[in-house]
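Grab a coffee and open the viewer. Here are some exercises to work through with the structure on screen, each with a solution you can check against your own attempt.

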Amino acid sequence: MADEVLKRINANKMSIFLLGQLFHSEDTILSQIRKQLVIASDEEMEAVFEVFNDYGLAKGERVVIFIDALNEGRGKHYWLNSLGGFVERLRKLNNVALVMSVRDTYEDEIIPEGFYRRNNVNKYKFEGFDDLDQAIQEFFNYYQVPLNLNDYLKYEFQNPLFLKMYCMAYDQVNRSGTESIEGIFNNYFKKINENLKLRIENYPKFGNLVVEALYYFIDAKLKHKGSESNLLYEVASREVNQAMMHHGLGIHFFDELINEKIITVNTITPNGEEKNIVYIAFELFEEYITAKKIIEANEVHTYTKARDLEDFFSDQNRYFHLLSDRRSNQGIFEALAVQIPDTLSTEYTEEFEMFNWPKRILKYKEIDFKAAYYNSLTWRRPGGINGISHSYILNESLYRSYIDPYHMYEFWDEVLKYTIVKDHYYNAKFLYRQLIELKLDEFNAFWTVYVSKRFAQNDSFKTIMKWAWKEHTDQSQLDDESVQLLGMNITWFMASTYDRVRDVSIKAMVRLFTNRIDILTDIIKKFERVNDAYILEALFCAAYGCVMNTRDMDQAEGLALYLYEEFFDGKEVIPHAMIRNYLTGILEFALSKGLCRNIHVDDIKPPFQNRYVYHEVKQDVIDDLRIEPSDAEISRLDPYDSYSGRVLDLEMYFTYQTSIIDDLQACYTNVPIQYGNRIHFQTVEIIDQILPECRENFVRMVIKEIFQMGYNFIKFGQFDLSADNNQMDSLGQKYEWIALNKVLTIYLDSKQYICQRFSEDCPVKFEGVWQFTFFRKMDPSIDYYSPFDTRDYQYKRTTMTSEDLLSHFRSYAEKSLNQIDWISVNRIRYKVNNELHSTKPFLINNSDIESFKRYIQNPDNLQQKPFEDLYVGEIYWSEAYKSLLNEMNPRNCGKWYDMRIIDTYLWDISDGAMNNYFEFSILSPLMLAELKLSIGSHVFELVDEDGELSSLQLYERNYNDILLLRKDKVTRYLIRSDKVIGWPVINGGVTGMIIFDGLQFRID
């Protein structure tokens, strides 16, 4: 705030800067402002503010009054009953603005309830840095501290002072010191002692003189000012220096604390007399030192029984005036919640957890003990937190979650900060234990809603995603156990119905585990029994992405063998269409690389074993689901009256259940659903590819399965009615997707045929889900256009005219890259009379040139359908590629179609992790065969028989479609085979051709 005031002053803008710590007496706010501004006592403050207002009017801009840190000074006991009247007084002045800051720990104590709404005051959370990530990176680089995800998640680095202290506290030798507040402060004070030792003669080699001096400062503060007035420099300096004289250093030790910026000096002018006041620079310092002083003075380290705390929290404690209800201090209690259990040896820790504190203390109205507990989790030694620690929050808050799930969501916010702290009670293993046993409806109510509604803005989620995606991050900092904990946590995120959260999480998993597939395999083993098929589907999706991107074939083979033995090899394959897609994809990839030689490709082709049988579902069964539930049915859905006991509109919630049925039944009843009320279901999208005689029953099977799985309108109704179908699916849609995938496997294992896309009258044998239009929603093999994309790209397309193309084609087609000459064979766009056209190259025998020229005069002969519903990582090798290629051939008519050099790849489904559609050129099967090319390290890098790089697609670099063939190889091939490459170009009603014969380009 002070920086902003300085900027305004330098810009000649009127600003008034007031310090919260100087509001220290019982006087009115206006009286104390008078003292800070040194305004004569005979001046009316109302008149002074009018002068400010007139000045702002004359200048055409408001005068701004800044009050920094309301929580300091007497703020914690002063503003609550005064702030509203002060704001109302200023509201009358149109040319005066008020800006105030308060530490969030004390906001509830200082800001009156309803203040912001009642007074129309805007509230902003000040983050400390404009670009926190950059600031953290610069600090850590300067102090040569490794960026640790554990601490990145749990500490508030937006505070510049804490960030600096953290970096200084890091122990370079032992690579530790930042695991707890005790470690941070001890190491920080150790560094300060070392600084003093370098410049002060006879400074002791051992001992912590800085902490000792701070203890004396705290004593002086309590002795001379209590907690309500300022401590003068003269008093504090005299007390601390006298107490430190026994060290014989011959210095003013208090001034050294000021030099090291531990103590801050400020000038005030009460009654026109200038005085210097002092205070600890970082409020967290003061709370920590004060609590530590109280604990040591009471010899808490000698306690052995919980009842010892009765004396600690009684008037037998000479510091009890700081611990009584009326005069209590939230920050000190938060520090005590950290230090009391951490002071004792582990055998006694449980006795002194907050859970065992005296009940009369835990009933203090002035203290938010829940906030103190959550805050303690950040600062305590991770290994000291245990099940008894958890009992406090379990008994005080979490039991209410069945009445109000918000309590559980608030708890999850805290747990996510400790994801990968290996010895922390609340790490990912805790989360796993809590969630894995939940029934599906409980899991969705307590977790899925949490990771769906506004979760994309959750600080821990954003931090974890940035960490996984950033290219500069050295992921080798995380050992295998930490990576596994992180992966387990991200896996739970994938339960979300918000596509941004779910899809970004999947691709983050691909980034994390592409070169750690063995750890991902362990995670898969842990989650095999999860009740939510949404999670299992996403996990196998990530695994498929890892396999398609990895270069470690040993790990890819290990995963493939495990999946085959666990889910195939004569066993029932999971009855879920998309899970089967990923499982078979992983195994097909391994086979394409010559791995898993004991697996035969026919073993992983449909149909599969399935315990479920395709059966008829009567309409009566569906109609029964529309009957309003009886009291007995409501009791079954909510056996503990957790939801129905609240004031809920159950009738409205039940309408969502009937809407699910109505929208799906419309597939066969032809009853129109009003567009605004329609729920988007995937069953509706694919039903036309189910054999006609099965469609109606197929839909009924899906509806029945949704409710057999336990869709619960009582628990889900509120969320589902508020879901935005454009970005966040409802739980009804989630259940429909899982039900559809299950019913689809039952249908396919029984019927084995579907209707070919775009041709309902043509049944075809089912080969894979890629045959269903747009059924595969997200490509795990790519990270294009992601929220964390670092590619330097601009959306641009070539829009040259046909004349420009003809006259400058050689300069466009010939490229030089890595000191190698290439020919560009990708699709080229151009305009003719403002109409957009494109040209693709063909491979033509010299003897067929004239015939080909006649053929291309009909523009329809040049139209080609693109590849769709194919993952980028599946190009060239997969069963999906081969199947879709066969499907394309009959649709792309013309005798010259097989002589095309390229195909167009298109993906136009914008998943939650991608902000654009894309298309690019790939080589046709003809060119792969003619040039004897195969996949190199990636589908965009093709090599010849000698393993030499011969073709490159540069799309992944900056999203420009540039497909290259090595010019020397193309030249030798064309001359040897007596062929040319021809690009048809429309020019003025006639289609001409650009020809390359291996030696030169010419227009024909």
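What follows is a set of worked exercises on a predicted model.

**Exercise 1. Work out the strand order of the open sheet of 3 strands, and find which strands stand at its edges.**

Solution.
- Start with the pairings. E4 pairs with strand E6 (residues 275-280) in the antiparallel sense, over 2 bridges.
- E5 is joined to E6 as well, by 6 bridges, and this pair also runs antiparallel.
- Put those together and you get the order E4-E6-E5.
- Now for the edges: E4 (231-232) and E5 (263-268) each have a single partner strand, so one side of each is left without a neighbour in the sheet.
- To check the register on screen, look for Leu232 opposite Ile277 in E6. On the E5 side, Thr267 has Asn276 of E6 as its bridge partner.

**Exercise 2. Decide whether Lys292 is buried or exposed, and find what its side chain makes a polar contact with.**

Solution.
- First place the residue: Lys292 sits in helix H15, which covers residues 283-297.
- Its relative accessible area is 14%, and the cut-off for buried is under 20%, so Lys292 counts as buried.
- Next, its surroundings. Leaving out residues up to four places away in sequence, Lys292 touches Glu182, Tyr215 and Gln339.
- Of the polar contacts, one to pick out runs from the Lys292 side chain to the side chain of Glu182, at 3.3 Å.

**Exercise 3. Find which residues touch the most other members of the largest nonpolar core, and which helix gives the most to it.**

Solution.
- The largest nonpolar core has 301 residues, and Trp447 and Leu923 touch the most other members.
- The helix that gives the most to this core is H29 (residues 533-549), with 14 residues.
- Zoom in on Leu923. Setting aside neighbours within four places in sequence, its contacts include Val825, Tyr876, Ile901, Leu942 and Leu965. Polar residues turn up there too, with Asp903 and Ser951 among the contacts of Leu923.
- Don't stop at that core: another one, of 26 residues, lies apart from it, and Leu18, Met45, Val48 and Tyr106 are among its members.
- As background, nonpolar side chains tend to be buried together in soluble globular proteins.

**Exercise 4. Explain why strand E21 is described as largely enclosed, then find its partner strands E14 and E22.**

Solution.
- Count the buried residues in E21 (residues 979-987): 8 of the 9 are buried, so the strand is largely enclosed by the rest of the structure.
- Strand E14 (residues 842-845) is joined to E21 by 4 bridges and runs antiparallel to it. Leu843 stands opposite Ile981 in this pair.
- Strand E22 (residues 990-996) is joined to E21 by 7 bridges, again antiparallel. Here Trp983 has Ile994 as its bridge partner.
- Finish at the turn: E21 and E22 form a hairpin with 2 residues between them, and Gly988 in the turn has a positive phi of about 65°.

**Exercise 5. Count the disulfides, and check Cys546 and Cys596.**

Solution.
- The cut-off is two cysteine sulfurs within 2.5 Å, and the count comes to 0 disulfides.
- Take Cys546: its nearest cysteine sulfur belongs to Cys541, 9.7 Å away, and Cys546 is in no disulfide.
- Then Cys596: the closest cysteine sulfur is that of Cys546, at 16 Å, which is too far for a bond.
- Finally, check burial. Cys546 is buried, with a relative accessible area of 0%, and Cys596 counts as buried at 2%.

Note on methods
Residues numbered from 1 in each chain as written. Predicted model: local features only at pLDDT ≥ 70, side-chain atom pairs only at ≥ 80, totals over all residues. Heavy atoms only, no water. Pairing = 2+ DSSP bridges. Buried < 20%, exposed > 50% of the residue type's maximum accessible area, 1.4 Å probe, protein only. Polar contact = N/O pair within 3.5 Å; in protein donor to acceptor, adjacent residues only side chain to side chain. Contact = heavy atoms within 4.5 Å. Core = buried A, V, L, I, M, F, W, Y, C linked by side-chain atoms within 4.5 Å.
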